[in-house]
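Trainee: I'm new to this structure and would love a close look at a single part of it. Could you pick a strand and walk me through what surrounds it?

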Amino acid sequence: MQIAEKKTIAQYLLDAERERREVVRVTVDYPELNVENAYAVQEELVRMKCEENLSIVGMKMGLTSRAKMEQMGVEEPIYGYLFNNMLLENYGELSFGTCIHPKVEAEIAFILGKDIEGPGITGAQVLAATQYVVPALEIIDSRYENFRFTLPDVIADNASASRVVFGNSLTRPYLIDLELVGMILSINGKAREMAASAAVLGHPAHAIAALANMLGRKGEKLKAGQIILAGAVTEAVRIDIGDIVQAKMDGLGDVGFTVVD
């Protein structure tokens with residue numbers, strides 16, 4: 001794939017995000033788009049955002065359940081980037097008008113105290129390098145029509161990253177068994193999803209290790225101070241105007257927001 005094509009695709013997706021409109025998936029016009037090229041498009045999209053004076057605050061993992069990986073026919077998760085304009089205040093408001101068709105997932109976020117550089121990083125090394133873990137809600141918002149896409153499509157679209165809410169409680173990772181964190185995702189006071197953190201690759205630290213190793217292949221590393229979403233513990237739930245969203249996580253606290261017009 002030519003550089004000009006990657007720039008064209010990145011601009012196509014950036015415009016869709018800015019203008020809050022659905023677009024046809026990229027692979028309709030570029031059927032040759034593969035995972036490697038999709039990450040190149042994602043990198044171009046990230047570069048364009050940084051040129052607009054947005055700053056990267058962390059990263060996010062996707063496809064971190066074994067079932068989803070098997071469904072998509074992949075052997076490792078995918079990743080995307082979190083920017084400062086994606087952050088929402090805990091128990092603040094999400095303007096529905098800034099999204100296309102948002103869904104919410106409950107996740108655990110890792111705040112790094114040390115750099116992590118692959119290859120060969122393990123979950124134990126991730127925990128040793130983690131300063132805090134916090135509860136989080138990620139709002140995903142694919143720019144594609146009807147949430148229909150292939151794996152390269154979603155990678156190019158920055159893994160559907162849109163907004164994220166972090167809880168206020170900071171927990172040292174050694175004070176809790178992160179493999180056994182139960183959580184309830186509620187909408188308007190009614191439980192919609194219940195799950196345990198082991199749904200994320202058996203242990204959420206394994207997702208961070210996978211990310212470090214994937215970046216290591218490109219000569220990049222995770223940096224101290226970054227906050228990393230380990231991937232969805234619950235299924236994604238569609239949200240609408242008026243919804244009050246909350247996730248409660250054993251030992252980690254709670255996090256929430258309200259959807260407004």
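Mentor: Happily! Let me begin with a term we will need: a polar contact is a pair of N or O atoms within 3.5 Å, and within protein one of them must be able to donate a hydrogen and the other to accept it. Please also keep in mind that this is a predicted model.

The part I would like to show you is strand β5, residues 103–112. β5 is mostly covered, with 9 of its 10 residues buried. In a regular strand, side chains alternate between the two faces of the sheet.

Let's go through the partners of β5 in turn. Strand β6, residues 130–140, runs antiparallel to β5, and 10 bridges join the two. Within that pairing, A106 stands opposite L137 of β6. Strand β10 is also antiparallel to β5, joined to it by 4 bridges; here I111 faces I227 of β10. Then there is strand β11, made of residues 237–238, which pairs with β5 in the antiparallel sense over 2 bridges. In β11, R238 is the bridge partner of K103.

Between β10 and β11 there is a loop, and T234 has its place in it. T234 has a relative accessible area of 3%, so this residue counts as buried. Its side chain reaches the backbone nitrogen of A106 at 3.1 Å, and that is where the term from the start comes in. So A106 of our strand has T234's side chain at its backbone nitrogen and L137 opposite in β6, with 3.1 Å falling inside the 3.5 Å limit for a polar contact. Leaving out residues up to four places away in sequence, T234 touches E105 and A106, as well as M183, L185, E193 and A195.

Now follow the trail to L137. Setting aside neighbours within four places in sequence, L137 is in contact with V104, E105 and A106, and its other contacts include R163, V164, V165, L185, V245, A247, V255, G256 and F257. You may notice L185 here, a residue that T234 touches too. L137 also belongs to the largest nonpolar core, which has 90 residues; L137, L222 and F257 are those with the most contacts inside it. The largest share of this core, 9 residues, comes from helix α7.

That helix deserves a stop, as β5 is among the elements that the buried residues of α7 pack against. The others are α3, β1, β2, α5 and β10. Of the 13 residues of α7, 12 are buried, so the helix is largely enclosed by the rest of the structure. The buried ones include P204, I208, L211, N213, M214 and G216. The length of α7 also fits: its 13 residues, 204–216, should span 18 Å at 1.5 Å a residue, and the end C-alpha atoms are 19 Å apart, which agrees.

From α7 we can step on to α3 and β2, both of which are packed against by its buried residues. A search of the whole structure finds 3 aromatic pairs. One of them is stacked: Y39 and Y79, at 4.5 Å centre to centre with 25 degrees between the planes. Y39 lies in helix α3 and Y79 in strand β2, so this pair ties together parts that are 40 residues apart in sequence. Both Y39 and Y79 are buried, and ring pairs link Y39, Y79 and Y81 into a cluster.

One last stop takes us back to the contacts of L137. A247 is among them, and A247 is also touched by G253, along with P135, S169 and K248, not counting residues up to four places away in sequence. G253 lies in strand β13, residues 253–260. With a relative accessibility of 29%, G253 counts as partly exposed.

To retrace the route: β5 is joined by bridges to β6, β10 and β11. T234 reaches A106 from the loop between β10 and β11, and the buried residues of α7 pack against β5 as well.

Definitions and conventions:
Residues numbered from 1 in each chain as written. Predicted model: local features only at pLDDT ≥ 70, side-chain atom pairs only at ≥ 80, totals over all residues. Heavy atoms only, no water. Buried < 20%, exposed > 50% of the residue type's maximum accessible area, 1.4 Å probe, protein only. Contact = heavy atoms within 4.5 Å. Expected span 1.5 Å × (residues − 1). Core = buried A, V, L, I, M, F, W, Y, C linked by side-chain atoms within 4.5 Å. Pairing = 2+ DSSP bridges. Phe/Tyr/Trp six-rings, centres within 6.5 Å; stacked < 30°, edge-to-face > 60°.
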